[in-house]
Amino acid sequence: MFFYAFAIGSYESKIIDDIIEEIHGIIPKGLDVSGNIVGMDSRLETLISSLNIHLNGVRMVGVYGLGGIGKITIITTLHNKISNRFRSISFLANVREESTKDSGILKLQQLLDDTLVVRGQLTLKNIHEGVKVIKDRLSSKKVLVFLDDIDDLRQLEHLVGKHSWFGHGSRIVITTRKKYLLRAHGVDYMYEVDKLNNVEALQLFYSYAFKQHLPEKGYRDLSIHIVQYANGLPLALKVLGSLLFRKEVKDWKSELRKLEQVPNMEITNVLKISYDGLDDMQKMIFLDIACFLKGKNVEAVTIILDGSEFNAESGINAKVDRCFIAISKDKMIEMHDLLTHMGKEIVYKEF
């Protein structure tokens, strides 16, 4: 009689758990997308296509790019677009920052487990237990996981270590400033977020500076100058547009003159996070490129840096992987203007 009652109880418990999970799966999971979305359609289309949601295997996709380029906006919008196709979803934001806190990785593992497993929640005691629990409890579940701002391979190893940790149909989306982390982790597809084109950049700037799609009379030429300065970086367009909102023409002109001499600190602080993570030799290579070598042939730059006893090839590759520079089709070194301004400002202050 006892065994019969236990069996009935277990069966009823499973039904209740299934109902809870079903309800959890149909609750709207939309996230707030801060700011104005411009130029999103083509980027989303590429990302959704890369996910191959219609296929049954597990797939990991990495989204990388310069700080302030809009990675978090893109994946938040992506989340809202595709979350209705999954019942178990987890969005871990600011992984880099959260990992530096006390027991940061363990807390992220706990949050990952708590958000993906509705019933039978556990309290994790250490990172190794966290890895085992994630593998054991998620290997048969179809999940959608977003990891924002990864900056260390260990974060990936402890949170989404292998494809086999997750059930068929699962999708893992990762953002980072460091392309090489995605390659080292073996993601299935890497997507670089490009800067906005001129039309998109003007649209985004207008939305912050005027709260509308067109500039006010007398501000168009000034707007074009600001957009040229921002060079397609959404963060810069948002910061400068918000700063100039409801300001007079004379204030716009004054701000432009100031920007030519001193970079905006709110923008610089975001960009400088990547610079601060470099070792001393890598910093010197970055500063040399920012101040003297931008726009030059990569082979010529390699010779110059080797002559300074830097490991030029390794240093240049590291800058590409961290989205500091790009190599054009004609083998020229390209660097975003705001990174160039930041490098020159660092040299001015520190040297």
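L159 touches V95, I105, L108, Q109, L112, I134, L147, W165 and F166, even when residues up to four places away in sequence are not counted. This briefing concerns a predicted model, and L159 serves as the point of entry. The secondary structure of the protein chain amounts to 17 helices and seven strands. Of the 351 residues in the chain, 47% are buried.

**L159 and its surroundings**

- L159 belongs to helix 7, which covers residues 153–159.
- The relative accessible area of L159 is 0%, and the residue is therefore buried, since buried means under 20%.
- G130 stands 29 residues from L159 in sequence, yet the two C-alpha atoms are 8.4 Å apart in space.

**The chain as a whole**

- Consider the contacts in the protein chain between residues at least 6 apart in sequence: 75% of them join residues at least 24 apart.
- The chain exposes about 18,400 Å², and carbon and sulfur atoms supply 53% of this area.

**S90 in strand 2**

- S90 is located in strand 2, which comprises residues 88–92.
- S90 counts as buried because its relative accessibility is 1%, and the limit for a buried residue is under 20%.
- When residues up to four places away in sequence are set aside, S90 touches L111, L112, T115, L116, L144, V145 and F146.
- L112 is thus one of the residues that S90 touches, and L112 is also among those that L159 touches.

**Nonpolar cores**

- The largest nonpolar core contains 70 residues, and F205, L233, I267 and F286 have the most contacts inside it.
- Helix 9, made up of residues 198–209, gives the most to this core, with seven residues.
- Beyond its neighbours within four places in sequence, F205 is in contact with S223, I226, V227, L237, L240, G241, L244 and W252.
- Another core lies apart from the largest one; this core has 27 residues, including V117, V131, I134 and I174.
- I134, named in that second group, is also one of the residues touched by L159.

**The cavity**

- The structure holds one cavity of 30 Å³ or more, and the volume of the largest cavity is about 30 Å³.
- The lining of the largest cavity consists of Y229, P263, N264, I267, T268, L271 and L338.
- Helix 13, residues 265–276, provides the largest share of this lining, namely three residues.
- Sorted by class, the lining of the largest cavity has five nonpolar residues, two polar residues and no charged residues.
- I267 appears in the lining of the largest cavity, and I267 is also among the residues with the most contacts inside the largest nonpolar core.

**The second largest pocket**

- The volume of the second largest pocket is about 440 Å³.
- A total of 19 residues line this pocket, and E192, C323, I325, A326 and E334 lie nearest its centre.
- Strand 6 (325–327) and strand 7 (333–335) are the elements that give two or more residues to the lining of this pocket.
- The lining of the second largest pocket has 11 nonpolar, three polar and five charged residues.

**D194 in a loop**

- D194 is found in the loop that runs between strand 5 (189–192) and helix 9.
- The relative accessibility of D194 is 47%, so D194 counts as partly exposed; this class covers values between the 20% limit for buried and the 50% limit for exposed.
- Apart from its neighbours within four places in sequence, D194 is in contact with R43 and I69.
- D194 and G232 are separated by 38 residues in sequence, while their C-alpha atoms are 8.5 Å apart in space.

**Positive phi values**

- Most residues other than glycine have a negative phi.
- N52 is not a glycine, yet it has a positive phi of about 50°.
- N52 is situated in the loop between helix 2 (40–51) and strand 1 (59–64).
- N94 is likewise a residue other than glycine with a positive phi, in this case near 55°.
- N94 occupies the loop between strand 2 and helix 4 (95–99).
- Because its relative accessibility is 35%, N94 counts as partly exposed.

Terms used: Residues numbered from 1 in each chain as written. Predicted model: local features only at pLDDT ≥ 70, side-chain atom pairs only at ≥ 80, totals over all residues. Heavy atoms only, no water. Helix = DSSP H or I, 4+ residues; strand = E, 2+ residues; numbered from the N terminus. Buried < 20%, exposed > 50% of the residue type's maximum accessible area, 1.4 Å probe, protein only. Contact = heavy atoms within 4.5 Å. Areas by Shrake-Rupley, 256 points an atom, 1.4 Å probe, with all protein chains shown as cover. 1 Å grid on protein atoms, 1.4 Å probe; cavity = no way out; pocket = protein on both sides within 12 Å on 5 of 7 lines; lining within 4 Å. Points joined across faces, edges and corners; volume = space filled by probe spheres on them. Nonpolar A, V, L, I, M, F, W, Y, C, P; charged D, E, K, R; others polar. Core = buried A, V, L, I, M, F, W, Y, C linked by side-chain atoms within 4.5 Å.
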